[in-house]
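Me: I am new to this structure and should like to understand the reasoning behind the terms applied to it. Please explain each conclusion step by step.

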Amino acid sequence: MEASHAISEAVKMIKPDVIAAYPITPQTHIVERLSEYVANGEIGAEYIRVESEFAAISACLGAEATGVRAYTSTSSQGLALMFEVLFIVSGMRLPIGMTVVNRALSAPINIWNDHQDSMSCRDSGWLQLYAETAQECFDLTVMQYKISENKDVLLPSMVGLDGFTLSHVYEPFFIPEQKEIDDFLPEYVPTHAILEPEQPLTLGPIGFPSHYMELRKTQVDAMEGSLKVIEKVFKEYSEKFPAQIKGTRPETYYHIEEYKMDDAQVAFVAIGSVCGSIKDVIDVLRSKGEKVGLVKIVTYRPFPMEALKKSLKNVKKIAVVEKALSPGANGPVFEEICSLLFEAKSDAEVRNFIVGLGGRDVKLDHIQKIFDMAKKGAGKKQEWMF
Amino acid sequence: MKKQRIDYGSLKSKIGNVEVTTGAVLESTGSTSKTKTGAWRSLRPLVDDKKCIGCGRCWTYCPEGCVHKKAEKVFQVDYDYCKGCGICANECPVKAITMVMEEK
Ligand code: SF4
Ligand code: SF4
């Protein structure tokens, strides 16, 4: 099945009460399938056809504030249009689940994959998890609700998957029984926001200078605390639903996935579907005796500092491969890797490789070249792989 | 939806001396009756009772819902909440309402 439909299946099984979405390429297949499910009566959700992504996320906000489970999905400009509301959702601590089918931002207009859209929202207070495979799309979608709705977290979450290169690709994946999903993720029980005339609450009030900083701090604390919750949920899910199809997901989900990192001297750090190609190149390099590995980032917000520090402790050369950029600075992931290496007093040589913007193919040759440059320490700090 | 109650006390936490709640949720009922919001009005709608025909358009159109119906064909502006937007004056068919500058 298509990875997009792995998401639709998962959303069907988590039984949302409200789905509000506006179609945008390459997210369309997900919500198209969901609308069919609603029309067939396979999902009992209210499907709100909205006039824009701003309305979609606002409808989800309203729904979630009444104390029910809400879902939306978007890409690129659609996510950009939601930007204002993203902060309101996280500030009001509403655990909405969203899928971001990652796509480049305009201009020039481009419908293909990179990570500029969700990376631009990294400071919005939403949890961000990234999938590499269809199975991970399914699993992370189920888990995102369990994490977000945890009463010590109460933060919205995005699951990112690469547009087309993952979303439109057919892959086998395993779907657990509905009953088991129900056991894992029971009905949402609101603990702080609800629409109930017998207990009227004011949601989203003004936060005067006397309280604003403290409120932000509680949000940041919840984000930090969510690392532990994510780890726990990942573990619980991995045990309850053991991997069925080889190579479609890690045995046990964790903030990062390490591939041949045990004795690695050179390491790739990357996010999303490009990790599949990197693993292939690593296999070839390993057969030639190169000590090389990959650290795939699954949890990007909260940023798993300690897990990464541990993983990169003995590595001498690091290639951060990103499909995002911050004009005027280095790539967002690169900056954060550098800062944790500085904290860890590492003397590793780190380089930033910008790849695959706007759907540009990331070929095995590119990855080989990245390895050569990283190993030799050749080239500039930031290299673009055209 | 199942009937649910929020344990409001459990939402409270303290950072330093400041008490906050999860998501800034407030358990306050009827705060509007305590908080008068008309204070920042700069223009005041004055109704000329002699001209008024009691049609009720001001009552229908006021976006703040602060024109009250006192009796049949009798309408009164609640200055505690009136924002002075002038919509009532604009809608009045007999120009019975004039907007005058607030002077304190
Ligand atoms: S001025 Fe505006 S707010 Fe005041 S009574 Fe007229 S319509 Fe209502
Ligand atoms: S709109 Fe004018 S005429 Fe009609 S009730 Fe109001 S003040 Fe009177």
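Reply: A salt bridge is a side-chain nitrogen of Lys or Arg within 4 Å of a carboxyl oxygen of Asp or Glu. By that rule the structure, which is a predicted model, holds 32 salt bridges over all chains.

Me: Why is the pair Asp182(A) and Lys15(A) called a salt bridge?

Reply: The N to O distance between the side chains of Asp182(A) and Lys15(A) is 3.1 Å. The limit is 4 Å, so the pair qualifies as a salt bridge.

Me: What makes this pair a tie between separate parts of chain A?

Reply: Asp182(A) belongs to helix H7 (residues 178-184), whereas Lys15(A) is in the loop between helix H1 (3-13) and strand E1 (18-21). These parts are 167 residues apart in sequence, so the pair ties them together.

Me: Why are Asp182(A) and Lys15(A) called partly exposed?

Reply: Partly exposed covers relative accessible areas between the 20% and 50% cut-offs. Asp182(A) has 26%, so the term applies. Lys15(A) has 44% and therefore receives that term as well.

Me: How do you know that Glu239(A) and Lys235(A) are separated by about one helical turn?

Reply: Both residues are in helix H8 of chain A, and they are four residues apart, which means about one helical turn. Their side chains meet in a salt bridge at 3.6 Å, N to O.

Me: Which terms describe the exposure of Glu239(A) and Lys235(A), and why?

Reply: Glu239(A) has a relative accessible area of 55%, which is over 50%, so it is exposed. Lys235(A), at 47%, is under that cut-off and over 20%, and therefore counts as partly exposed.

Me: Why is Glu102(B) called buried?

Reply: Its relative accessible area is 16%; buried means under 20%, so Glu102(B) is buried. The side chain of Glu102(B) meets that of Arg44(B) in a salt bridge of 2.9 Å, N to O. Glu102(B) lies in the segment after strand E6 (97-101) and Arg44(B) in strand E3 (residues 43-47), so the pair ties together parts of chain B that are 58 residues apart in sequence.

Me: What makes Thr133(A) a buried residue?

Reply: Thr133(A) has a relative accessible area of 7%, which is under 20%, so it is buried. Thr133(A) is found in the loop between E5 and H6 of chain A. Leaving aside neighbours within four places in sequence, Thr133(A) is in contact with Leu166(A), Glu171(A) and Thr248(A).

Me: How do you know that domain 1 and domain 2 of chain A touch?

Reply: The domain assignment gives domain 1 (3-240) and domain 2 (256-384). Contact requires heavy atoms within 4.5 Å, and 27 residues of domain 1 meet this rule with 27 residues of domain 2. The area buried between these domains is about 2,000 Å², and the count of salt bridges between them is five.

Me: Why does the pair Glu132(A) and Lys296(A) count as a salt bridge?

Reply: The N to O distance is 2.8 Å, which is within 4 Å, so the pair counts.

Me: How many salt bridges are counted between chain A and chain B?

Reply: The count is zero. Nevertheless, 29 residues of chain A are in contact with 22 residues of chain B. The two chains bury about 2,200 Å² between them, 64% of it on carbon and sulfur atoms.

Technical notes: Residues numbered from 1 in each chain as written. Chains lettered and ligands numbered in written order. Predicted model: local features only at pLDDT ≥ 70, side-chain atom pairs only at ≥ 80, totals over all residues. Heavy atoms only, no water. Domains from an automatic or database assignment. Buried area = accessible area lost by both parts, 1.4 Å probe. Helix = DSSP H or I, 4+ residues; strand = E, 2+ residues; numbered from the N terminus. Buried < 20%, exposed > 50% of the residue type's maximum accessible area, 1.4 Å probe, protein only.
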